[in-house]
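The exercises below are to be worked with the sequence and the coordinates open. Each task is followed by a solution in steps.

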Amino acid sequence: MSLPSTPGAAGLERLQRRDTRLDNYVDRYAARTHGMTASAIRALFSVANRPEVVSLAGGMPNIADLPLDVVGESLHTLVTQSGRQAMQYGSGQGEPVIREAICEVMRLEGIAAHPDDVTVTVGSQQGLDLVTRIFCDPGDVVLCEAPSYVGALGVFRAYQCEVAHVAMDEQGLDPQALREAVAALRSAGRTVKFLYTIPNFHNPAGVSQSLERRTEILRIAEEADLLVVEDNPYGLLGFEGEPTPAMRSMDADRVVYLGSFSKTFAPGFRIGWVLAPHAVREKLVLAQESATLCPPVFSQFAVAAYLANHDWRGQIKVFREMYRERRDAMLAGLADHMPTGTSWTVPAGGFFVWATLPPGLDSHAMLARAVTARVAYVPGTAFFADGFGSRFMRLSYCFPTPERILEGTRRLGEVLQYEASVNETFGTGVEAAPARSALGTYEAPGANQN
Ligand SMILES: Cc1ncc(COP(=O)(O)O)c(C=O)c1O
């Protein structure tokens, strides 16, 4: 048995003939659609996915090591023994069996939670959407790291929020910058709704907040009465030692926590969750009911069956080792091939390295040349809400083999060397954005545009 095929060429041609690029409804869309644009990553996918291109662009989890026979068997049992329940509508909050299992998963990061405080979502992406939906009005400000997860920026834009970026360093969000940002925004009369942060193996920056850093950020949040949204899809994919306790484990009243099975099991089931204080949870369930009636019941039972029947902790260890080998290949390749003046973060887990280019180089302008040289990455500008970031790039090591990663960094090195030598000969004609560290200095939007 294989996947159902798409309509044949003739059928497609017939459909295309009726297709038109004119949009008869162009003046009717809601204002919130104006900020909805295809992410730089999506636009890249068609070229980056060609086999001759080494893609260091996408952040797709590598699920080659999943035991498909085990998953298949448990799906078979699920359908034959509980199919009528698993294929029925379910609870808007999510099925009790998966909410209990989620609490067990969260215990690995020090979180003691009751299943009643968990809302199941369609990936943590929907968690982000629901949280923004219940908290944000147009014009509200959301504080985000600089840089931040491109999918979160898309959600905030869709709800017409304004993103205020807060500088990071090698230990994640900079507490002093956070303090200053909250004070400046409030004294300008702005409404700051929450801080959105990715404390572990940040996407895209690749850095993690130390325990002390988390404590300090939470102290500032308390002083400023700031809600914290902790997004943690990579927390269990650390390469060194035990996971750092989640921020939620330190403050149950102030932190709304987003989790996901996309990176520790498989993204196709689309199961994530939000753990929130009780009153927030009630609003989330109402929002979930209006969005989907209920999260996909079959997927919830499928993930619960996988967790119950398989050594999922052992599987996460397998994933970790596989990602560590790829991370090592990426770091070795960068050390061998990057031109002088390039720096990068050293991730202790997760999928991403964040690179800072030599002064004068522009990762956005350079992308076409890189793809011609058969290597792809995501330009730093994708991870800022305001066009900043052209001196940075995100390099993912999660998907290609170590050999391909080494080859990709070799090709990238050649492109950068060439760009740097052209700049040296002819000058850049642009002002170099400052970069204090591998994460760069984040300054007021517009101050450092190339
Ligand atoms: C930081 C972060 N948050 C949320 C998501 C969304 O993941 P999902 O919806 O698959 O759970 C991703 C996916 O890459 C991510 O990197």
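**Exercise 1.** What covers the buried residues of H13? Compare also the span of helix H13 with its expected value.

Solution. The model is a predicted one.
- Step 1: Helix H13 covers residues 402-426, which is 25 residues.
- Step 2: The expected span is 1.5 Å times one less than the number of residues, so H13 should span 36 Å. Its end C-alpha atoms are 36 Å apart, which agrees.
- Step 3: Take under 20% relative accessible area as the cut-off for buried. The buried residues of H13 are then Pro402, Ile405, Gly408, Thr409, Arg411, Leu412, Gly413, Val415, Leu416, Glu419, Ala420 and Asn423.
- Step 4: The cover over these residues includes helices H11 (312-337) and H12 (363-372). Strands E1 (54-55), E12 (375-376) and E14 (392-396) are also included in it.
- Step 5: Just after H13, Gly427 has a positive phi of about 80°.

**Exercise 2.** Describe the surroundings of the ligand, beginning with the residues that come nearest.

Solution.
- Step 1: There are 13 residues around the ligand, and those that come nearest are Ser124, Asp231, Tyr234, Ser260 and Ser262.
- Step 2: Sorted by class, the shell has four nonpolar, six polar and three charged residues.
- Step 3: Helix H5 (residues 123-135) gives the largest share of the shell, three residues.
- Step 4: List pairs of N or O atoms within 3.5 Å. In the side chain of Ser260, an N or O atom is 2.6 Å from an oxygen atom of the ligand. For the side chain of Arg270, the corresponding distance to a ligand oxygen atom is 2.8 Å. Gln125 takes part through a backbone N or O atom, 3.0 Å from an oxygen atom of the ligand.
- Step 5: The ligand taken alone exposes 400 Å², and the protein buries 91% of that.

**Exercise 3.** Is Gln288 buried or exposed, and which residues is it in contact with? Treat Ser299 in the same way.

Solution.
- Step 1: Gln288 is part of helix H9 (residues 278-292). Its relative accessibility is 0%, so Gln288 counts as buried.
- Step 2: Leaving aside neighbours within four places in sequence, Gln288 is in contact with Gly92, Val120, Thr121, Val122, Gln126, Leu130, Leu293 and Pro295.
- Step 3: Ser299 belongs to helix H10 (residues 297-309). Because its relative accessibility is 11%, Ser299 counts as buried.
- Step 4: With neighbours within four places in sequence left aside, Ser299 is in contact with Phe269 and Ile271.

**Exercise 4.** Which peptide bonds leading to Pro147 and Pro204 are cis or trans, and what is the sign of phi at Gln160 and Phe201?

Solution.
- Step 1: As background, most residues other than glycine have a negative phi, and most peptide bonds are trans.
- Step 2: The bond from Ala146 to Pro147 is cis, with omega near 10°. Pro147 sits in the loop between strand E3 (141-146) and helix H6 (150-158).
- Step 3: From Asn203 to Pro204 the bond is also cis, with omega near 15°. The loop holding Pro204 runs between strand E6 (192-197) and helix H8 (211-223).
- Step 4: Phe201 is found in the loop between E6 and H8. Its phi is positive, about 50°, although Phe201 is not a glycine. A relative accessible area of 9% makes Phe201 buried.
- Step 5: Gln160 has a positive phi near 60° and lies in the loop between H6 and strand E4 (162-169). At 30% relative accessibility, Gln160 counts as partly exposed.

Key
Residues are numbered from 1 along each chain as its sequence is written. This is a predicted model: local features need pLDDT of at least 70, side-chain atom pairs count only at pLDDT 80 or more; totals for chains, interfaces and linings use all residues. Side-chain values use heavy atoms; hydrogens and water are left out. A residue is near a molecule or strand if one of its heavy atoms lies within 4 Å of it. A polar contact is a pair of N or O atoms within 3.5 Å; within protein, one must be able to donate a hydrogen and the other to accept it, and residues adjacent in sequence count only if both atoms are side-chain atoms. Accessible areas come from the Shrake-Rupley method with a 1.4 Å probe; for residues, only the protein chains shown count as cover. Helices (H or I, at least four residues) and strands (E, at least two) are DSSP runs, numbered from the N terminus. Ala, Val, Leu, Ile, Met, Phe, Trp, Tyr, Cys and Pro count as nonpolar, Asp, Glu, Lys and Arg as charged, and the others, Gly among them, as polar. Buried means under 20% relative accessible area, exposed over 50%, partly exposed in between (1.4 Å probe, protein chains only). Contact means heavy atoms within 4.5 Å.
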